[in-house]
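Subject: A structure for you to look at

Hi,

Here is the structure I promised to pass on. Have a look at it first, then read on for what turned up.

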Amino acid sequence: MSKNVEAARDGLIAAARAVRSHAHAPYSGFAVGAAVLDEQGRIHAGCNVENASYPQGWCAEASALAVMVAAGGKRVQAMAVCAVADAPVTPCGGCRQKLREFAADDCPVWVADAVELRASHSLGNLLPHSFGPQHLLP
Ligand code: THU
């Protein structure tokens, strides 16, 4: 991992933690925040957004990625997720695939709670042997 990415870790976690307070999670009561570091070193954050029609809700990681794309970001250098649970909250399977669209296997995924870093993973470790853009694009 590059020094720049490592240096961004605490700020990325802080952004995920801050945006978590905006989660719209009236049904599960489970607030999640996520933040991504783009190729320009910018941070984009998003929270989960639930819906009365339950399957229409989406995850914090998906929000953060959408915010990055809307801002012109192309690649994810790192992701942070913040939630409060006994077990560290890693991105769901669908969000691992969504992250894969923009990130390499060595992309760090930092998992935090309201207080501290709980776990460090890489995307390749969370989603091994993944299907990705390289299968479809020249
Ligand atoms: N959720 C996320 O936003 N990210 C995760 O990594 C796990 C789950 C959300 C989806 C739903 O709004 C709530 O948490 C409970 O599953």
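Which elements cover the buried residues of helix 3? The cover includes strand 1 (33-38), strand 2 (43-47), strand 3 (76-82) and helix 4. I'll come back to that helix below.

First, some ground rules. This is a predicted model, where local features need pLDDT of at least 70 and side-chain atom pairs count only at pLDDT 80 or more, while totals for chains, interfaces and linings use all residues. Residues are numbered from 1 along each chain as its sequence is written, and side-chain values use heavy atoms, with hydrogens and water left out.

The whole chain

The protein chain has five helices and five strands. Here helices (H or I, at least four residues) and strands (E, at least two) are DSSP runs, numbered from the N terminus. Going along the sequence, you meet them in the order α-α-β-β-α-β-α-β-β-α.

The radius of gyration of the protein chain is 14 Å, which agrees with the value near 14 Å for a compact globule of 138 residues. That radius is taken over C-alpha atoms, and the globule rule is 2.2 Å times the number of residues to the power 0.38. Along the principal axes, the C-alpha atoms fill a box of roughly 40 × 30 × 30 Å.

Of the 138 residues, 42% are buried. Buried means under 20% relative accessible area, exposed means over 50%, and partly exposed is in between (1.4 Å probe, protein chains only). The accessible surface of the protein chain is about 7200 Å², and 56% of it belongs to carbon and sulfur atoms. Such areas come from the Shrake-Rupley method with a 1.4 Å probe, and for residues only the protein chains shown count as cover.

Now contacts, meaning heavy atoms within 4.5 Å. Among those in the protein chain between residues at least 6 apart in sequence, 62% join residues at least 24 apart.

Around the ligand

The residues around the ligand are Ser28, Phe30, Val32, Asn48, Glu50, Cys59, Ala60, Glu61, Val89, Thr90, Pro91 and Cys92. To be near it, a residue needs one of its heavy atoms within 4 Å. By class, this shell has seven nonpolar, three polar and two charged residues. Ala, Val, Leu, Ile, Met, Phe, Trp, Tyr, Cys and Pro count as nonpolar, Asp, Glu, Lys and Arg as charged, and the others, Gly among them, as polar.

Oxygen atoms of the ligand turn up in several short distances. A polar side-chain atom of Glu50 is 2.5 Å from one, and a polar side-chain atom of Asn48 is 3.0 Å from one. For Ala60, a backbone N or O atom lies 2.9 Å from a ligand oxygen. The protein covers 76% of the 370 Å² of accessible area that the ligand has on its own.

Back to helix 3

Helix 3 spans residues 60-70, and Ala60, Glu61, Ala62, Ser63, Ala64, Leu65 and Met68 in it are buried. Ala70, also in helix 3, is exposed because its relative accessible area is 71%. The C-alpha atoms of Ala70 and His44 are 9.9 Å apart, with their positions 26 residues apart along the chain. After helix 3 comes Gly72, with a positive phi near 90 degrees.

Helix 4 and the segment after helix 5

Gln97 sits in helix 4 (residues 93-100) and counts as partly exposed because its relative accessibility is 32%. Its side chain reaches the backbone oxygen of Phe131 at 2.9 Å. Leaving aside neighbours within four places in sequence, Gln97 is in contact with Leu127 and Phe131.

Ser130 lies in the segment after helix 5 (123-126). Is Ser130 buried or exposed? Ser130 counts as buried, because its relative accessibility is 14%. The side chains of Ser130 and Arg100 share a polar contact of 2.7 Å. Polar contact means a pair of N or O atoms within 3.5 Å; within protein, one must be able to donate a hydrogen and the other to accept it, and residues adjacent in sequence count only if both atoms are side-chain atoms. Beyond four places in sequence, Ser130 is in contact with Arg100, Asp105 and His135.

His129 is found in the segment after helix 5 too, but counts as exposed because its relative accessibility is 83%. His129 has a positive phi of about 50 degrees, although it is not a glycine. Most residues other than glycine have a negative phi.

Happy browsing!
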